[in-house]
Amino acid sequence: MRNKTYFWAVCMLVLVACEPKQKSLSYDEFIANDRKETHEFMNESEDSPFAGADSTIRLDYYPPNATFKVIAEIERIEKGGQLTLGTSDGVPRIYNKHAFLNFELDQEPLRLLVLKGEDNDGLFLAFADLTNDDTTYGGGRYINLNFSDQADKITLDFNLAYNPYCEYNAKYSCPLPPVENYLKVAIEAGEKLYK
């Protein structure tokens with residue numbers, strides 16, 4: 001019995017030692033994978049704003065730049081009230097003020113306002129910066145994010161910034177960034193203008 005147990009223990013060690021180790025992705029590979037998934041979605045999904053397009057869609061991006069991946073402190077807004085945002089089609093949308101994200105870029109302190117939909121159906125972050133109407137969409141860009149009620153910090157990665165769907169298709173209604181989120185710096189990261 002003891003020899004049998006020993007045999008199986010040795011077999012398990014051999015299997016674990018021989019199991020291929022998963023290679024961790026570099027930051028550039030992580031961003032490349034994210035963009036590949038977006039490319040596949042835009043070209044293949046029925047939910048794509050390009051659904052029915054008769055040619056391959058290629059989005060344009062800045063090269064990955066880890067300088068634009070920052071740690072932001074979460075400053076929750078207690079009883080912040082509501083905010084009405086303009087949209088690309090002129091139909092306003094109401095959001096609840098949820099939190100500020102405080103961070104630094106090139107040693108300059110910056111902050112962004114995070115909103116929640118009226119039904120508290122998720123967080124919304126739209127921002128504008130000095131690249132708008134030049135190399136990026138004039139109506140600003142979005143970043144998906146989520147954090148728990150207990151979190152006090154979050155990774156904010158502008159390399160994941162993307163254009164709202166109204167940049168590609170006028171049938172979409174896209175909220176514009178709140179005035180608080182007009183950054184007086186150039187965020188040369190993430191998605192560029194669609195050509």
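**View 1. Packing of helix α2 against strands β1 and β8.** In this predicted model, β1 (69-76) and β8 (153-157) are the strands against which the buried residues of α2 pack. The residues concerned are Y27, I31, R35 and M42. They lie on the same side of α2, because the arc they cover around the axis is only 65°.

**View 2. The other side of helix α2.** Three residues, K36, E37 and E44, are exposed on the side of α2 opposite to that of the buried residues Y27, I31, R35 and M42. Here exposed denotes a relative accessible area over 50%, whereas buried denotes one under 20%.

**View 3. Helix α2 along its length.** Helix α2 comprises 18 residues, spanning positions 27-44. From its first C-alpha to its last, α2 reaches 26 Å, which is close to the 26 Å expected at 1.5 Å a residue. The buried residue Y27 stands at the start of the 27-44 range, and the exposed residue E44 at its end.

**View 4. The protein chain as the setting of helix α2.** Two helices and eight strands are present in the protein chain. Along the sequence, these elements follow the pattern α-α-β-β-β-β-β-β-β-β. Of the 195 residues in the protein chain, 38% are buried. Considering contacts between residues at least 6 apart in sequence, 64% join residues at least 24 apart.

**View 5. Accessible surface of the protein chain.** The accessible surface amounts to about 12,400 Å². Carbon and sulfur atoms account for 51% of this area.

Terms used. Residues are numbered from 1 along each chain as its sequence is written. This is a predicted model: local features need pLDDT of at least 70, side-chain atom pairs count only at pLDDT 80 or more; totals for chains, interfaces and linings use all residues. Side-chain values use heavy atoms; hydrogens and water are left out. Helices (H or I, at least four residues) and strands (E, at least two) are DSSP runs, numbered from the N terminus. The expected span of a helix is 1.5 Å times one less than its number of residues. Buried means under 20% relative accessible area, exposed over 50%, partly exposed in between (1.4 Å probe, protein chains only). The arc is that of the directions from the helix axis to the C-beta atoms. Contact means heavy atoms within 4.5 Å. Accessible areas come from the Shrake-Rupley method with a 1.4 Å probe; for residues, only the protein chains shown count as cover.
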